[in-house]
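Student: I would like to learn how to read a structure such as this one, step by step. Where should we begin?

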Amino acid sequence: MADSESWNERRNQVARYRVMAQETTDPLAARLLHDIVLDLEDELEGSPQSVALDAA
């Protein structure tokens, strides 16, 4: 249960950072937020939930 809650929270973080990256007008901030999103997505792709979804 805790793993799925953690996974859902991580997905929510990715969504929030994507919105912030789109809304910012500072190019440096946008690039940093984009990098954060990429890192979070990489972590999600390596999670057991994504492996189980890929196998389904």
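Tutor: Let us begin with a definition that we shall need throughout: a residue is called buried when its relative accessible area is under 20%, exposed when that area is over 50%, and partly exposed in between. Please keep in mind as well that what we have here is a predicted model.

Student: With those cut-offs in hand, is Gln13 buried, partly exposed or exposed?

Tutor: Gln13, which is found in helix H1, has a relative accessible area of 23%, and because this value lies between the two cut-offs the residue counts as partly exposed. Its C-alpha atom lies 9.8 Å from that of Glu41, although the two residues are 28 apart in sequence.

Student: How many helices and strands does the chain have?

Tutor: The chain has 3 helices and 0 strands, and when it is read along the sequence the pattern is α-α-α. Of its 56 residues, 14% count as buried, while the accessible surface comes to about 4300 Å², with 54% of that belonging to carbon and sulfur atoms. If we take the contacts between residues at least 6 apart in sequence, 50% of them join residues at least 24 apart.

Student: Which residues make up the largest nonpolar core?

Tutor: The general idea is that in soluble globular proteins nonpolar side chains tend to be buried together. In this model the largest nonpolar core has 5 residues, namely Trp7, Val14, Val37, Leu40 and Leu44. Helix H1 (2–23) and helix H2 (27–45) are the elements that give two or more residues to this core, and the largest share, 3 residues, comes from H2.

Student: How should I read the length of H2, and which of its residues are buried?

Tutor: For the length, one compares the span of the helix with the span expected at 1.5 Å a residue: H2 has 19 residues and reaches 27 Å from its first C-alpha to its last, close to the 27 Å expected. As for burial, the buried residues of H2 are Leu33, Val37, Leu40 and Leu44. Seen down the axis of H2, these buried residues fall within an arc of 70 degrees, so they line one face of the helix. On the other side of H2, Pro27, Leu28 and Glu45 are exposed.

Student: What is found at the start of H2?

Tutor: There, a side-chain oxygen of Asp26 reaches to within 3.1 Å of the backbone nitrogen of Leu28.

Student: Why does Asp35 count as partly exposed?

Tutor: Asp35, whose place is in helix H2, has a relative accessibility of 29%, and because that figure falls between 20% and 50% it counts as partly exposed. The C-alpha atoms of Asp35 and Ala21 are separated by 9.7 Å, the two residues being 14 apart along the chain.

Student: And where is Asn8 found, and how accessible is it?

Tutor: Asn8 is found in helix H1, and at 34% relative accessibility this residue counts as partly exposed. Between the C-alpha atoms of Asn8 and Leu44 there is a separation of 9.8 Å, with their positions 36 residues apart along the chain.

Note on methods
Residues are numbered from 1 along each chain as its sequence is written. This is a predicted model: local features need pLDDT of at least 70, side-chain atom pairs count only at pLDDT 80 or more; totals for chains, interfaces and linings use all residues. Side-chain values use heavy atoms; hydrogens and water are left out. Helices (H or I, at least four residues) and strands (E, at least two) are DSSP runs, numbered from the N terminus. Buried means under 20% relative accessible area, exposed over 50%, partly exposed in between (1.4 Å probe, protein chains only). Contact means heavy atoms within 4.5 Å. Accessible areas come from the Shrake-Rupley method with a 1.4 Å probe; for residues, only the protein chains shown count as cover. A nonpolar core is a set of buried Ala, Val, Leu, Ile, Met, Phe, Trp, Tyr and Cys residues joined through side-chain atoms within 4.5 Å. The expected span of a helix is 1.5 Å times one less than its number of residues. The arc is that of the directions from the helix axis to the C-beta atoms. A polar contact is a pair of N or O atoms within 3.5 Å; within protein, one must be able to donate a hydrogen and the other to accept it, and residues adjacent in sequence count only if both atoms are side-chain atoms.
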